[in-house]
Amino acid sequence: MIPIIRVHWRIVSSVLLALALALPGAGTAVAEDTTPLTTGAVFNNPKGTVEEQNAVKNHITGAIGRTESGRLIRAALYALTDQDYTNALVAAHQRNVNVRVVLDAAYSGSTAAQSLISTLGTDKSARSWVHVCATGGACIATGGTNAINHNKFFTFSRVGAVGVAEDVVIQTSANQTPVNVAKYWNNAYTVVGNTELYTAYTTYFNALVAEQKTADYFTSAKVGTEKYYFFPQKTGDVVVDILRNVSCTGNTTVGTSTHESVVRVAAFALHRDEVAAALVSLANQGCSVQIVYANSNDEVTLKGHPNITLKKLNADGYLLHSKYLLVEGNYAGHPDTKWTFTGSHNLDYSSLRDNDEALLRLEGNAPHDAYAQNFTGLLGYATPVV
């Protein structure tokens, strides 16, 4: 015998109404993620699940979505063609967040960029606005024949409630385009609560807006456990200097099985001969040098060395777009330490001399180990160069 279930329809109606309000539909906003923003790394995987593909994008748009009325968002971007980023920034503006964006001229005509510009306007006396770098050049850099604002960073005066995530910097390798989600490996690093770093990025952002033209903007300083580098750099090569700070011996707990230092490079572009030579020099001294790249003019220099692992990740439209360098070992006289360098800065001459760029150094085990784990994953997708 089937039991008779008596239903109280007033209760059912209440439940159905609650469900209807909770589910997204026409004109219904999805509830915002309330997870506190914290310092750390995020990586996407274009060959993973939809969630994994969108990890970097969702991290950034989620932070935009959790920025409250009266707060300030700044963004310096090279390519904005993904309407989802525009929608997030416009929604923030409409709830009285101050939104200020610098765009390179190259992609400023995209539908997503034009939509943002039409809503926010270009009047910098207003609370929200978009500034487009001068056509045919970067906002600051004056070198080369195709100088660009290649930056990809966001800053937030606060994300969420008071005291939860103040003075936030998100430095990413990802352009705000659909292909950077669907086809490219990228990363983003978030720093929460480092007011000096936030202020430094603000100063650089303001210089971009003011178009303080120079071939040598290069600025660097250590702030807490982070260090920033802003480009262009007219002379020298900061990445070569970084590599020259590495000693292959002197470790007792980290590095290879015999404690030689390990240098890992994930590069969209590796074209600077001096950087390649510095990597070979470290390999000659006994360091383990591991490289994954999408494009390089220095394959001949790098391949065939017993201490260099060289793999290419660029096939069928999928490619490595991250730009990071890891040091595990003896750095600047400090053995058994771990360091991470990440940002928009490719290992090509344009990123050094001709572009507006940012590079961020992170000190300690947590960021390094997160990036090292990501690097291991990249090795699995990449093809050995022989």
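**Figure 1. The whole chain, inside and out.** Buried residues make up 54% of the 386 residues in this protein chain, and remember that what you're looking at is a predicted model. The chain holds 12 helices and 20 strands. Its radius of gyration is 23 Å, which agrees with the value near 21 Å that a compact globule of 386 residues would have. If you drew a box around the C-alpha atoms along the principal axes, it would be roughly 80 × 65 × 40 Å. Now think about who touches whom: of the contacts with a separation of 6 or more, 72% are between residues 24 or more positions apart. On the outside, the chain exposes about 16,400 Å², and carbon and sulfur atoms supply 53% of that. As for charge, there are 28 positive and 31 negative ones, and their mean positions sit 5 Å apart.

**Figure 2. Strand β18 and its two partners, β17 and β19.** A quick reminder before you zoom in: strands of a sheet pair through backbone hydrogen bonds, either parallel or antiparallel. Strand β18 covers residues 334–343, and 7 of its 10 residues are buried, so the rest of the structure largely encloses it. It pairs with β17 (residues 323–331) in the antiparallel sense, over 7 bridges. With β19 (residues 357–363), β18 also runs antiparallel, joined by 5 bridges. Look for Thr342: it is the bridge partner of Tyr324, and Leu360 in β19 is the bridge partner of Thr342.

**Figure 3. The turn of the β17 and β18 hairpin.** Just 2 residues lie between the strands here, and Ala332 takes a positive phi near 55°. Gly333 is in this loop too. Is Gly333 buried or exposed? Its relative accessibility is 58%, so it counts as exposed, the cut-off for that being over 50%. Gly333 also has a partner from elsewhere in the sequence to look for: Val246 is 87 residues away along the chain, yet the two C-alpha atoms are 8.0 Å apart in space.

**Figure 4. A small open sheet.** Three strands line up in the order β7-β16-β15, with mixed pairing. At the edges stand β7 (184–185) and β15 (314–315); each has a single partner strand, so one side of each has no neighbour in the sheet. Strand β16 (residues 318–320) pairs with β15 in the antiparallel sense over 2 bridges. To find the match-up, spot Ala315 and look opposite for Tyr318 in β16.

**Figure 5. Helix α3, tucked away.** This helix spans residues 55–65, and 10 of its 11 residues are buried, so it is largely enclosed by the rest of the structure. Among the buried residues are Val56, Ile60 and Ile64, and you'll also find Lys57 and His59 on that list.

**Figure 6. Three spots with unusual backbone angles.** Most residues other than glycine have a negative phi, and most peptide bonds are trans. Start at the peptide bond from Phe231 to Pro232, which is cis, with omega near 25°. Pro232 lies in the loop between β10 (226–231) and α8 (238–244). Next comes Asp167, which isn't a glycine but has a positive phi of about 50°. Asp167 is in strand β6 (residues 166–172) and counts as buried, at 16% relative accessibility. Finally, His259 has a positive phi of about 70°. You'll find His259 in the loop between β11 (246–247) and β12 (262–270), where it is partly exposed, with a relative accessible area of 27%.

Technical notes:
Residues numbered from 1 in each chain as written. Predicted model: local features only at pLDDT ≥ 70, side-chain atom pairs only at ≥ 80, totals over all residues. Heavy atoms only, no water. Helix = DSSP H or I, 4+ residues; strand = E, 2+ residues; numbered from the N terminus. Rg over C-alpha atoms; globule rule 2.2 N^0.38 Å. Buried < 20%, exposed > 50% of the residue type's maximum accessible area, 1.4 Å probe, protein only. Contact = heavy atoms within 4.5 Å. Areas by Shrake-Rupley, 256 points an atom, 1.4 Å probe, with all protein chains shown as cover. Lys, Arg positive; Asp, Glu negative; His and termini not counted. Charge placed at Lys NZ, Arg CZ, Asp CG, Glu CD. Pairing = 2+ DSSP bridges.
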